[in-house]
Amino acid sequence: MLRFDDTYYRDVIQKHHYDAMDFNPIDFELNGISTRVLQYKWLCHYKGDIFADALYDGQKCIVTTGIGLSGTPHLGTLSQILRAIFLQRAGLNVQLVLGDLDSYNARNQPLEVVLDRAEKYKSFIRKLGFDETKGILRSQYNNEEILKTAYLIAKSLKDRDFKNAEEDLSELYQKKGIYPGIEFPVKQAILLMTADFIHLGKVDGYSNVLVMLGLEEHLYVQIANKVIQRMNYPFAISSMYSRIIKGFNGYPKMSKSIPESSINVSMPYEKMYNMIMNEEGQYDSPEDSVVYQMMCAVSYFTPNELDELYEKCKRNDESWKKAKAEYAKILYSICQVWNN
């Protein structure tokens with residue numbers, strides 16, 4: 001089974017000429033966020049330094065990200081939400097898109113279900129601290145103008161572009177009956193996602209757009225860059241990628257569509273505690289530990305605190321067990337926002 005480990009990351013980074021934040025020190029700050037903090041929260045970037053320079057020069061810049069709505073938020077989803085809020089609190093303009101139409105098309109879910117779920121997600125994200133007076137929180141369904149942008153950019157794309165953007169987990173999802181492969185509904189979902197990025201520059205007038213995603217989704221940004229090159233749009237799309245949180249029970253990542261792979265925000269405390277304490281399985285290093293990855297992605301730990309947790313995880317002794325038990329309480333308190 002595919003493993004999102006350091007070998008995978010290095011292969012992707014080398015193949016697509018990304019700058020490796022974890023493997024070589026990052027050499028830029030982002031609106032006052034130190035390089036060390038960036039290194040903990042993100043793995044690599046594509047022209048992120050160009051975005052940082054544009055932001056410093058006072059150009060009109062925005063960060064955008066999106067999350068799927070195929071089920072209750074799991075920790076991978078929650079990590080993206082918390083990163084968006086973190087960047088917003090650092091003074092960046094941030095857009096967070098809820099992929100209700102993406103789940104309707106690519107995951108074949110009933111429209112009324114994903115629309116109701118979008119409203120629940122919006123409430124959750126607001127309670128976690130996203131400020132709509134300083135950023136954009138929107139669904140796809142209620143923004144018809146983006147559909148026009150999708151139609152206008154469609155003529156610059158070919159079928160092979162969509163095939164080349166197939167996620168690395170596509171085969172696993174097809175085997176599970178979750179995802180049909182790159183068929184017409186999925187192409188529609190990818191096209192709309194691309195329009196979510198492009199619209200910011202083409203219509204809203206941003207000169208620089210930074211797309212924030214998990215590394216397994218990096219090919220979507222490549223599609224967007226093909227569009228702006230082929231249509232000669234005068235704005236730049238950069239990207240910053242986070243590590244993928246490893247899944248429980250041997251799965252390469254946590255997935256809303258595979259419940260046994262993940263912890264989700266509605267999980268009872270006892271079950272969450274048991275998974276954290278007893279079900280992370282064997283790991284070769286803290287980077288390969290499900291629980292340490294969770295601590296880095298879904299928490300408010302400082303870099304110094306994460307350094308200490310890293311050493312405890314590496315020793316895998318009683319101090320690590322105690323740290324995991326304390327983290328279970330912290331994580332549960334964050335997740336309880338969904339239920340309140």
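## Strand β7 and its partners

In strand β7, Met-240 is the bridge partner of His-45. The model described here is predicted. His-45 belongs to the pairing of β2 with β7, in which three bridges join strands that run antiparallel. Strand β7 spans residues 236–242, and six of its seven residues are buried, so the strand is largely enclosed by the rest of the structure.

Strand β7 also pairs with β6, here in the parallel sense and through seven bridges. Within this pairing, Val-209 has Ile-237 of β7 as its bridge partner. Between β6 and β7 the chain passes through helix α11 (residues 218–230), and the resulting β-α-β crossover is right-handed.

## Strand β3 between β6 and β4

Strand β3 covers residues 61–68; six of these eight residues are buried, so β3 is largely enclosed by the rest of the structure. Four bridges connect β3 to strand β6 (residues 208–214), and the pairing is parallel. In β6, Leu-210 stands opposite Val-63.

Strand β3 pairs with strand β4 (residues 94–99) as well, again in the parallel sense, over six bridges. Thr-65 has Leu-96 of β4 as its bridge partner, and Gly-66 stands opposite Val-97 in β4. Together with helix α4 (residues 75–89), the strands β3 and β4 form a right-handed β-α-β unit.

## Burial of strand β4

How many of the six residues of β4 are buried? Six of the six are, so β4 is largely enclosed by the rest of the structure. Both of its faces are covered. Val-94, Leu-96 and Leu-98 lie on one side, Gln-95, Val-97 and Gly-99 lie on the other, and all are buried.

Strand β4 is joined to strand β5 (residues 135–139) by five bridges, and the two strands run parallel. Arg-138 of β5 is the residue opposite Val-97. Val-97 also stands opposite Gly-66, a residue of the β3–β4 pairing described above.

## Ser-103 in helix α5

Ser-103 is located in helix α5, which comprises residues 100–106. Is this residue buried or exposed? The relative accessible area of Ser-103 is 1%, and because buried means under 20%, Ser-103 is classed as buried.

Leaving aside residues up to four places away in sequence, Ser-103 touches Gly-68, Leu-69, Ser-70, Asn-108, Gln-109 and Val-114. One of these residues, Gly-68, falls within the range of strand β3 (residues 61–68).

## Packing of α7 against α10

Two packed helices are described by the angle between their axes and the distance between the axes. For helix α7 (residues 144–154) and helix α10 (residues 184–202), the axes come within 8 Å and cross at roughly 100°. That angle makes α7 roughly perpendicular to α10.

On the α7 side, the contact consists of Glu-145, Ile-146, Leu-147, Thr-149, Ala-150, Leu-152, Ile-153 and Ala-154. These residues meet Leu-191, Leu-192, Thr-194, Ala-195, Asp-196, Ile-198, His-199 and Lys-202 of α10. By class, the contact of α7 with α10 contains 10 nonpolar, three polar and three charged residues.

## Packing of α13 against α14

Helix α13 (residues 290–297) packs with helix α14 (residues 303–315) at an angle of about 175°, and their axes are 11 Å apart. Angles over 145 degrees count as roughly antiparallel, and α13 is therefore roughly antiparallel to α14.

Helix α13 contributes Tyr-292, Met-295 and Cys-296 to the contact, while α14 contributes Leu-306, Leu-309, Tyr-310 and Cys-313. The contact of α13 with α14 has seven nonpolar residues, with no polar and no charged ones.

## Positive phi values in two loops

Most residues other than glycine have a negative phi. Lys-47 has a positive phi, near 60°, and is a residue other than glycine. Lys-47 lies in the loop between β2 (44–46) and α3 (48–56). With a relative accessibility of 38%, Lys-47 counts as partly exposed.

Asn-316 likewise is not a glycine, and its phi is positive at about 55°. Asn-316 is placed in the loop between α14 and α15 (318–335). The relative accessibility of Asn-316 is 46%, so Asn-316 also counts as partly exposed.

Terms used
Residues are numbered from 1 along each chain as its sequence is written. This is a predicted model: local features need pLDDT of at least 70, side-chain atom pairs count only at pLDDT 80 or more; totals for chains, interfaces and linings use all residues. Side-chain values use heavy atoms; hydrogens and water are left out. Axes are lines fitted to C-alpha atoms, for helices over the stretch in contact, and angles run from 0 to 180 degrees between N-to-C directions. Angles under 35 degrees count as roughly parallel, over 145 as roughly antiparallel, 65 to 115 as roughly perpendicular and the rest as oblique. Contact means heavy atoms within 4.5 Å. Ala, Val, Leu, Ile, Met, Phe, Trp, Tyr, Cys and Pro count as nonpolar, Asp, Glu, Lys and Arg as charged, and the others, Gly among them, as polar. Buried means under 20% relative accessible area, exposed over 50%, partly exposed in between (1.4 Å probe, protein chains only). Two strands pair if DSSP finds at least two bridges between them. A crossover is right-handed if, with the strands pointing away from the viewer, the path from the first strand over the helix to the second runs clockwise.
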